[in-house]
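Biologist: I should like a close look at one part of this model, described in connection with the chain around it. Please take the structure below as the basis for the discussion.

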Amino acid sequence: QEKSIIVSGVILFDSWNKFSSKFSDFDYFNTTYEAKIDSDSIESSQKWRDLLWKRGQLLISYKSRPIKSPVLLFKSSEILYEYKEFNNSFNQWDLINDIMLKTIPIEGTHDDLLDRNIDILSEQIISFVGLFNAKVD
């Protein structure tokens, strides 16, 4: 028996509905990855790199289903090179959502979005969640 789950809203942190095909090239992936990591960190291990490679391949092949709930997208101001070719205000989420899609521009990159903007993020999340609490009461 299939159960129905009601999703009141979706919050995305610089997430994309489309994954860059540039990451399907293993050499490109490795070169990009090497430029970003600290050689003394956990991310420098081969297991971690393999995991990220496999995750990327899954993301490239995944096709998102329509989202039938309001969406709040925190979009970083600095777009990664790999995503500039299909960048839009909604990171392509507007292709599968027509209910409510709100984008909050956030200073920084995909990698430091959470570190630099915690006050703005928490304020916006509380406001967004408050919309659904008001509907439930």
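How do the residues of the lining of the largest pocket divide into nonpolar, polar and charged, and how many fall in each class?

Modeller: The model is a predicted one, and the account that follows should be read accordingly. The lining of the largest pocket comprises 18 nonpolar residues, 10 polar residues and nine charged residues. In total, 37 residues line this pocket, whose volume is about 1,100 Å³. Nearest its centre lie F19, R55, L59, Y83 and H110. Two elements, α1 (26–36) and α2 (46–61), each give two or more residues to the lining. Of the contributions, that of α2 is the largest share, with eight residues.

The two helices that serve the pocket are also related to one another through packing. In α1 the buried residues are F29, N30, T32 and Y33, and these buried residues pack against α2. The N-terminal end of α1 is capped by D25: one of the side-chain oxygens of D25 lies 2.9 Å from the backbone nitrogen of D27.

Beyond α2, the chain enters the loop that leads to β2 (71–76), and S64 is placed in this loop. S64 counts as buried because its relative accessible area, 16%, falls below the 20% cut-off. The side chain of S64 is joined to that of N17 by a polar contact of 2.7 Å. When neighbours within four places in sequence are left aside, the contacts of S64 are with N17, W93 and I96.

It remains to set these parts in the context of the chain. The protein chain has four helices and three strands, which follow one another from the N terminus in the order β-α-α-β-β-α-α. Of its 137 residues, 32% are buried. Contacts between residues at least 6 apart in sequence are made up, to the extent of 75%, of pairs at least 24 apart; the contact list of S64 includes one such partner in N17 and another in W93. The C-alpha trace spans about 50 × 40 × 30 Å along its principal axes. The chain exposes about 9,500 Å², of which carbon and sulfur atoms supply 55%.

Taken together, the pocket has a lining to which α2 gives eight residues, α2 receives the packing of the buried residues of α1, and the loop after α2 holds S64, a buried residue with a side-chain polar contact to N17.

Conventions: Residues numbered from 1 in each chain as written. Predicted model: local features only at pLDDT ≥ 70, side-chain atom pairs only at ≥ 80, totals over all residues. Heavy atoms only, no water. 1 Å grid on protein atoms, 1.4 Å probe; cavity = no way out; pocket = protein on both sides within 12 Å on 5 of 7 lines; lining within 4 Å. Points joined across faces, edges and corners; volume = space filled by probe spheres on them. Nonpolar A, V, L, I, M, F, W, Y, C, P; charged D, E, K, R; others polar. Buried < 20%, exposed > 50% of the residue type's maximum accessible area, 1.4 Å probe, protein only. Contact = heavy atoms within 4.5 Å. Polar contact = N/O pair within 3.5 Å; in protein donor to acceptor, adjacent residues only side chain to side chain. Areas by Shrake-Rupley, 256 points an atom, 1.4 Å probe, with all protein chains shown as cover.
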